Every structure is written in structure tokens, then in C-alpha cells.
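Here's a quick walk through this one, from helix packing to the ligand shell. Have a look at the fold first, then read on.

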Amino acid sequence: KKDLLALSELTRHEIESLLNEAEAFANGESWHVAKQTFVANLFFEPSTRTSCSFEIAEKKVGVDTLNISVAHSSVQKGESLYDTARTLASLGVAALVIRHPKDRFYEQLKGIEIPILNAGDGCGNHPTQSLLDLLTIKQQFGSFRRLRVVIVGDLLHSRVARSNADVLKRLGADVYVSGPQSWMGTFVHDFPYVTMDEAVKEADVLMLLRVQHERHDGQEAFSKETYHMLHGLTVAREKQMKHDSIIMHPAPVNRDVEIAGTLVECERSRIFKQSENGVFVRMAALKRALCNEAAE
Ligand code: CP
């Protein structure tokens, strides 16, 4: 079965196949399931982009969607994630899309016979976000080779930083990190550190991360203004960027924290392009899950 749990589990060939498939969907190709197929979406954490783009992708490929309201499900009676998944599989659901606050929640689901698509696990992975980020970069530059990508901000709490850094390195990009030293975790051992003032001058792709206030246990190291001044993309810093470099952010954005509010929709911003690409990569992920040979 074709789970999609972390990009580290996929070969380079599988990642490139998914990107090619997503690019074809972006260019207007379509694919439909051959028979009635149910996919269940379970979001144990809030989401706008991932949940809505999975639902749109499911509708585009002809899938019948079950949006499970976790708050009104038997999870509230203490039913485990495994028993919830096993029940949905027994009802005839063909694949599960799951976002969960626990890192590697999918390890509880060994033995579930239907594909699991990880829509974000704690501070772990967010493989479809990484794929849509890769697609956005590929559309802009055509290739990843020797591209300078700087990942900036709350790397410690991010579920896209590690998978993006590793996969971009695997695809040939030069990856750097930036932001508060106390939020760098193990990244500083694996990737060169640059200050934000160096980053804006050097980056082809400036990948800003959201400050994840909800994962800081109420202990903020910086005021919003201080963070913006020290590590944010200010209006003045944006003027230092190379003429063909782009700004990315997985969103939701804390305006005037990671990025000046007026820059969110500036010419070099690809933030809403990333959201748009979410539909196409999720179509590709669904096709791979529901049609085993599709992405091989
Ligand atoms: N980028 C992202 O995962 O957004 P949502 O939390 O809105 O799904």
C-alpha cells in the first residue's frame, strides 16, 4: 500500500514522479477514480489549507469525502486512533488523511491495511506541504541544483523545516538556516547558519516559517516587534534581495512578525501560489494512494 508519511521514506524517483504528476494536474490534466471510492479526513488539529485542499483534490479526482468531525466522533469516548482507523477501513474507506498533534502518530497505525496520508504530525513531518513547496520552486527555477535556499525562523517547532531541508539537499540545493539560535535545534550541525541580513542578499528562495506560538508553552522568547526586527523580512530587507529570488511561507502567516504585512502579496511572494499548488500535489498523492502503479 502507498502510505505517504514522510518524504525521507520516498526514493528520489518517487518524489520526482509525484512532482511530475502534480505539475501535470497544475497544467490541466485530470484523473478520476474508476469506481466509487471513499476517503476519510481526520484533523485532530486545526487546518485551513491542508484540510480544504485535500477535500478539493478528493472532489477533483471523483472521490466521496468523509470529513470526520473529531469533536463529534467516538474519539471523545476514548476510542483510540488505531480503532478509529480500523473502523473506517472496515466501513469501506479506501484511504485516510490524518493530521495529529503527536509526532509519528502513524506508528500506532501499523496493521491498518489502507493507505495513510500524513497531513502533519506534531513537530514531525508534513509531506504534502514539502511537496507543494518543491513544486513551487520547480515551477520557478526548473531545477533544484545549486539553488540557495535559506530556511528562516522557528525551525525547532516546524514540521516542514526538517523534511524540506533534507529533501532539498537530496535534490541538489544548497540549504542554509537562519533565525534565533535557540530555535535551530540540530539544524546547526547539519546546515550552515546565516544571519537574516546575509540571507536576504544570498537566497534564491527565502523560506520563512511561522512562529508557532501554540507550541511555545506560553513562553515567548521575543516580542513580535523584536522578532520582526531581528529575524523577520522587513520592507528594508526585501529591497536587498536578488531580483529573481522568491519568498515562500507555508502559512498561516503572522503578518508583521515573520514578514511585513505589505510583502505577503508582493511580486516575489509565492505564498498564495504555494496554497494553490497544494491542491495539485494532494491530487497526485491521492492518485498514488488509490492507484498503486500511478506514480511509479
Ligand atoms: N500550511 C498548512 O499546513 O496550513 P494549515 O494548517 O492551514 O493546513
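Are α1 and α10 parallel, antiparallel, perpendicular or oblique to each other? Before getting to that, keep in mind that this is a predicted model. The axes of helix α1 (residues 12–26) and helix α10 (residues 271–290) come within 8 Å and cross at roughly 125 degrees. An angle over 145 would count as roughly antiparallel and 65 to 115 as roughly perpendicular, so α1 and α10 are oblique to each other. Their crossing is right-handed. On the α1 side, the contact uses Leu18, Glu21, Ala22, Phe25 and Ala26, while α10 brings in Asn277, Phe280, Val281, Met283, Ala284, Ala285, Lys287 and Arg288. Sorted by class, the residues where α1 meets α10 come out as nine nonpolar, one polar and three charged.

**Two other helix pairs**

Helix α10 also packs against α4, at an angle of about 115 degrees and with the axes 8 Å apart. Again we have a right-handed crossing, this time of α4 past α10. From α4 you get Thr128, Leu131, Leu132, Asp133, Leu135 and Thr136, and they face a set from α10 made up of Lys273, Gln274, Asn277, Gly278, Phe280, Val281, Arg282 and Ala285. This contact of α4 with α10 holds six nonpolar, five polar and three charged residues.

Then there's α4 (residues 127–141) with α5 (residues 161–170), whose axes come within 9 Å and cross at roughly 45 degrees. That makes α4 and α5 oblique to each other, and their crossing is right-handed. Here Pro127, Ser130, Asp133 and Leu134 of α4 touch Ser163, Asn164 and Val167 of α5. The mix between α4 and α5 is three nonpolar, three polar and one charged.

Here are the three pairs side by side:

| Helix pair | Axes | Angle |
|---|---|---|
| α1 and α10 | within 8 Å | roughly 125 degrees |
| α4 and α10 | 8 Å apart | about 115 degrees |
| α4 and α5 | within 9 Å | roughly 45 degrees |

**How the chain splits up**

The chain is divided into domain 1 (7–126 + 276–290) and domain 2 (128–270). How far apart do the C-alpha centres of domain 1 and domain 2 lie? The answer is 26 Å. Across the boundary, 24 residues of domain 1 are in contact with 19 residues of domain 2. On the domain 1 side, at least two residues each come from α1, α2 (49–60), β4 (116–121) and α10. That side of domain 1 is made of ten nonpolar, nine polar and five charged residues.

**Around the ligand**

Which residues sit around the ligand? They are Ser47, Thr48, Arg49, Thr50, Gly120, Gln129, Pro250, Ala251 and Pro252. By class, this shell has three nonpolar, five polar and one charged. And where does the ligand lie relative to the two domains? Domain 1 and domain 2 both give residues to the shell, so the ligand lies between them.

**Backbone oddities**

Two members of that ligand shell, Ala251 and Pro252, are worth a second look. A cis peptide bond joins Ala251 to Pro252, with omega at about 5 degrees. You'll find Pro252 in the loop that runs between β8 (246–248) and α10.

The other spot to check is Arg104, which isn't a glycine yet has a positive phi of about 55 degrees. Arg104 is in a loop as well, between β3 (93–100) and β4. As noted for the domain boundary, β4 is among the elements that supply residues to the side of domain 1 touching domain 2.

Key:
Residues are numbered from 1 along each chain as its sequence is written. This is a predicted model: local features need pLDDT of at least 70, side-chain atom pairs count only at pLDDT 80 or more; totals for chains, interfaces and linings use all residues. Axes are lines fitted to C-alpha atoms, for helices over the stretch in contact, and angles run from 0 to 180 degrees between N-to-C directions. Helices (H or I, at least four residues) and strands (E, at least two) are DSSP runs, numbered from the N terminus. Angles under 35 degrees count as roughly parallel, over 145 as roughly antiparallel, 65 to 115 as roughly perpendicular and the rest as oblique. A crossing is left-handed if the near helix is turned anticlockwise from the far one by less than a right angle, and right-handed if clockwise. Two residues are in contact if their C-beta atoms, placed from the backbone, lie within 7 Å. Ala, Val, Leu, Ile, Met, Phe, Trp, Tyr, Cys and Pro count as nonpolar, Asp, Glu, Lys and Arg as charged, and the others, Gly among them, as polar. A residue is near a molecule or strand if its C-beta atom, placed from the backbone, lies within 6 Å of it. Domain bounds come from an automatic or database domain assignment.
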